[in-house]
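Here are a few short exercises to work through with the model open beside you. Try each task before reading its solution.

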Amino acid sequence: VFEHINLWLKEYIINEDELNALISTALDNFHFNTEEYNSLLFSICEATATSSLIRSRAVQLLTSKPEYSLYFTVGDDFIQGIIDLLITNDDGEYEVWDWKSNIINDNLTEKALSYETQMKLYAYFIYRLAPNQKTFKSKLLFVRQSIGAITEEDWTYTFVWTAEELKKFELELFDLIKEIKNYPFLDLRGY
């Protein structure tokens, strides 16, 4: 549903019909289409959409790129990723937003850090697209926490890297790819 935020949220106004249709389709796909889940997901979307962060970026959301696919070579290998939302920030630089629906009982920062490699990879993709940017931001948006949140920090976490840090990360990618290639996956070919 959030990957289509620019369809159901226009500037500051929620298109309830569009949002309800997207919620219904999403819940049908997971066989959870009950009134309780519809109501919960609508509440989460509404809380997120009315947050100060989203309201401050309403115009930028109109031109954002949802489900943005990127493909790059790293040495002899090929990597791809799909960024939930690629948005242009107030400085005119690209910023990655990644929607998370986790239930967080304790520590948002601890949960966010478990996504650091994923977010750094997305930032690296942006570095490859726009190497002249000063900083590369990847923002996690834990949408369930937007309900009742007072500040942006109550439900989001932002990673920031420099071009130099992402250039070093490129070297780490070679090791990560090697590790993945050497992982003992179960070979099911022939079954």
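**Exercise 1: Charge**

The chain carries 17 positive and 31 negative side chains, and the centres of the two sets are 7 Å apart. Lys and Arg count as positive and Asp and Glu as negative, leaving out His and the chain ends; each charge is placed at NZ of Lys, CZ of Arg, CG of Asp or CD of Glu.

This is a predicted model, in which local features need pLDDT of at least 70, side-chain atom pairs count only at pLDDT 80 or more, and totals for chains, interfaces and linings use all residues. Residues are numbered from 1 along each chain as its sequence is written, and side-chain values use heavy atoms, without hydrogens and water.

**Exercise 2: Aromatic pairs**

Task: find how many aromatic pairs the structure holds, and classify the pair of Tyr-71 and Phe-78.

Solution:
- Rings of Phe, Tyr and Trp (its six-membered ring) pair if their centres lie within 6.5 Å; planes under 30 degrees apart are stacked, over 60 edge-to-face, and the rest tilted.
- The structure holds twelve such pairs.
- Tyr-71 and Phe-78 lie 5.8 Å centre to centre with 15° between the planes, a stacked pair.

**Exercise 3: A pair in a helix**

Task: describe the geometry of Tyr-122 and Phe-125, and state whether they are buried or exposed.

Solution:
- Their rings are 6.4 Å apart centre to centre, with 35° between the planes, so the pair is tilted.
- Tyr-122 and Phe-125 are three residues apart in helix H7 (residues 116–129; helices are DSSP runs, H or I, of at least four residues, numbered from the N terminus), which means about one helical turn separates them.
- Both Tyr-122 and Phe-125 are buried (under 20% relative accessible area, with exposed over 50% and partly exposed in between; 1.4 Å probe, protein chains only).

Technical notes: Helices (H or I, at least four residues) and strands (E, at least two) are DSSP runs, numbered from the N terminus.
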